[in-house]
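Have your viewer open and your selection tool ready. We will go from stop to stop, each time picking something and seeing what is there.

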Amino acid sequence: MNALVKYQVDPVVRTKLNFKLEEVPRFWFGGDPFRTRLFDALSLTFPDGERYFIESVRLFRDKITDPDLQQRVADFIRQEAQHGIAHDKMNQVMKDQGMPVDQFITFLHKIFKFELTQRSPQYNIAMTAAAEHLTALMADTFYSKKETLAEAHPYVRALLAWHSIEEMEHRDVAFDVMKQVGEVPENLRKFTLAFTTFMMINFTLYRANVMLRHDGFSRIERLKMAAKGLPWFFGQKGIFSAMKTEYMDWFKKDFHPSQHPIIRQYQVWVDTMAETNDPIQAGEAFWQAGL
């Protein structure tokens with residue numbers, strides 16, 4: 001990896017975006033309950049996760065003297081706040097479907113409160129930087145190829161596209177805070193990616209299983225769904241397996257998120273949004289521009 005290569009775009013704060021999530025069908029991923037609920041389970045983490053990221057970065061805000069990083073941190077915080085608002089709406093859709101959203105959120109509150117009050121600032125900023133690396137890779141993985149989200153409902157696909165765009169824009173902010181003022185040991189930095197990946201996968205699978213149970217599927221039905229659906233995510237040619245090389249780059253001593261190219265069709269979303277002021281049209285153009 002060439003540490004001198006740098007791919008970076010500045011964060012842009014976009015507000016009041018309407019994705020019409022109330023119009024999305026129950027099983028919005030091609031009628032597939034398992035894939036739908038796995039993505040839903042991932043989305044459930046975002047509102048509280050984004051707020052946790054904001055608080056983790058704020059722990060170091062007074063130490064930042066670089067004006068450029070100060071501005072990027074301010075934009076990062078505003079972008080993450082908007083992500084929380086948008087995914088709160090998606091969570092409300094799930095709640096209206098009878099999902100135990102409050103139960104999940106209460107648990108997340110406890111987890112993130114514990115992390116912020118009982119763990120060191122260094123631990124929290126490293127966890128945030130690692131999570132941002134992971135979500136940026138997911139953003140690229142979801143949209144690089146059209147086939148990945150071909151069966152997803154356009155409105156949810158548009159929500160995830162906007163989120164992906166902004167992950168590209170601020171993927172290195174927490175990392176730069178960690179490196180410039182965080183004083184995070186290398187062993188801790190490397191550990192946090194492995195740990196946050198393990199936690200994300202386990203909590204996502206658990207929540208998806210609970211939601212499928214609330215959908216009325218029996219244990220046997222859920223086991224069959226998992227046997228069929230998990231390879232799509234984690235199999236040899238699964239969507240998450242496809243990002244293993246970029247994922248492992250994190251463990252290199254000279255790693256920086258900007259060494260990874262911005263998703264190829266980034267400008268398509270930006271230009272379409274500027275022309276239409278419609279995040280759904282921008283999301284559709286972004287997805288259509290995939291390979």
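## First stop: a loop

Please start with Glu-147, which sits in the loop between helix 4 and helix 5. Keep in mind throughout that you are looking at a predicted model. Is Glu-147 buried or exposed? Its relative accessible area is 62%, so Glu-147 is exposed. Now add Leu-291 to the selection: 144 residues separate Glu-147 from Leu-291 along the chain, while their C-alpha atoms are 8.4 Å apart.

## Helix 4 against helix 6

From the loop, step back to helix 4, residues 121-144, and select helix 6, residues 173-182, along with it. When you fit the two axes, they come within 8 Å and cross at roughly 150°. Because the cut-off for roughly antiparallel is over 145 degrees, helix 4 counts as roughly antiparallel to helix 6. The crossing of helix 4 past helix 6 is left-handed.

To see the contact itself, show these side chains:

- on helix 4: Gln-122, Ile-125, Ala-126, Thr-128, Ala-129 and Glu-132
- on helix 6: Ala-174, Phe-175, Val-177, Met-178 and Gly-182

Colour them by class and you should find 7 nonpolar, 3 polar and 1 charged residue in the contact of helix 4 with helix 6.

## Helix 2 against helix 6

Keep helix 6 on screen and swap helix 4 for helix 2, which runs over residues 67-96. The axes of helix 2 and helix 6 come within 10 Å, with a crossing angle of roughly 135°. That angle makes helix 2 oblique to helix 6. The crossing of this pair, helix 2 and helix 6, is left-handed.

The residues to display are these:

- on helix 2: Leu-69, Arg-72, Val-73 and Phe-76
- on helix 6: Val-173, Asp-176, Val-177 and Gln-180

By class, the contact of helix 2 with helix 6 holds 5 nonpolar, 1 polar and 2 charged residues. Val-177 is worth a label, as it belongs to the contact with helix 4 and to the contact with helix 2.

## Zooming in on Val-73

Stay with helix 2 and centre the view on Val-73, which is part of that helix. With a relative accessible area of 1%, Val-73 is buried. Which residues does Val-73 touch, leaving aside those up to four places away in sequence? They are Val-57, Arg-61, Ile-64, Val-173 and Val-177. For a distance check, pick Arg-58: it is 15 residues from Val-73 in sequence, and the two C-alpha atoms are 8.6 Å apart.

## Helix 5 and Ile-165

Next, select helix 5, residues 154-170. How many of its 17 residues are buried? The count is 16, so the helix is mostly covered, given that buried means under 20% relative accessible area. Its length can be checked too: at 1.5 Å a residue the helix should span 24 Å, and its end C-alpha atoms are indeed 24 Å apart.

Within helix 5, pick Ile-165. Its relative accessibility is 0%, so Ile-165 counts as buried. Setting aside residues up to four places away in sequence, Ile-165 touches Arg-14, Tyr-266, Trp-269 and Phe-286. Then measure across to Ala-126, which is 39 residues away along the chain: the C-alpha atoms of Ile-165 and Ala-126 are separated by 22 Å.

## Helix 1 against helix 8

For another helix pair, select helix 1, residues 33-58, and helix 8, residues 219-234. Their axes come within 9 Å and cross at roughly 60°, which means that helix 1 is oblique to helix 8. Here the crossing is right-handed.

Show the contact residues:

- on helix 1: Pro-33, Phe-34, Arg-35, Leu-38 and Phe-39
- on helix 8: Met-225, Ala-226, Gly-229, Leu-230, Trp-232 and Phe-233

In the contact of helix 1 with helix 8 there are 9 nonpolar residues, 1 polar and 1 charged.

## Last stop: two lysines

Finish in the segment before helix 1, where you will find Lys-16 and Lys-20. What is phi of Lys-16? It is near 55°, a positive value in a residue other than glycine. Lys-20, also not a glycine, has a positive phi of about 55°. As for accessibility, Lys-16 counts as exposed at 82%, and Lys-20 is partly exposed with a relative accessible area of 33%.

Notes:
Residues numbered from 1 in each chain as written. Predicted model: local features only at pLDDT ≥ 70, side-chain atom pairs only at ≥ 80, totals over all residues. Heavy atoms only, no water. Axes fitted to C-alpha atoms, helices over the stretch in contact; angles between N-to-C directions. Helix = DSSP H or I, 4+ residues; strand = E, 2+ residues; numbered from the N terminus. Parallel < 35°, antiparallel > 145°, perpendicular 65-115°, else oblique. Left-handed = near helix turned anticlockwise from the far one by under 90°. Contact = heavy atoms within 4.5 Å. Nonpolar A, V, L, I, M, F, W, Y, C, P; charged D, E, K, R; others polar. Expected span 1.5 Å × (residues − 1). Buried < 20%, exposed > 50% of the residue type's maximum accessible area, 1.4 Å probe, protein only.
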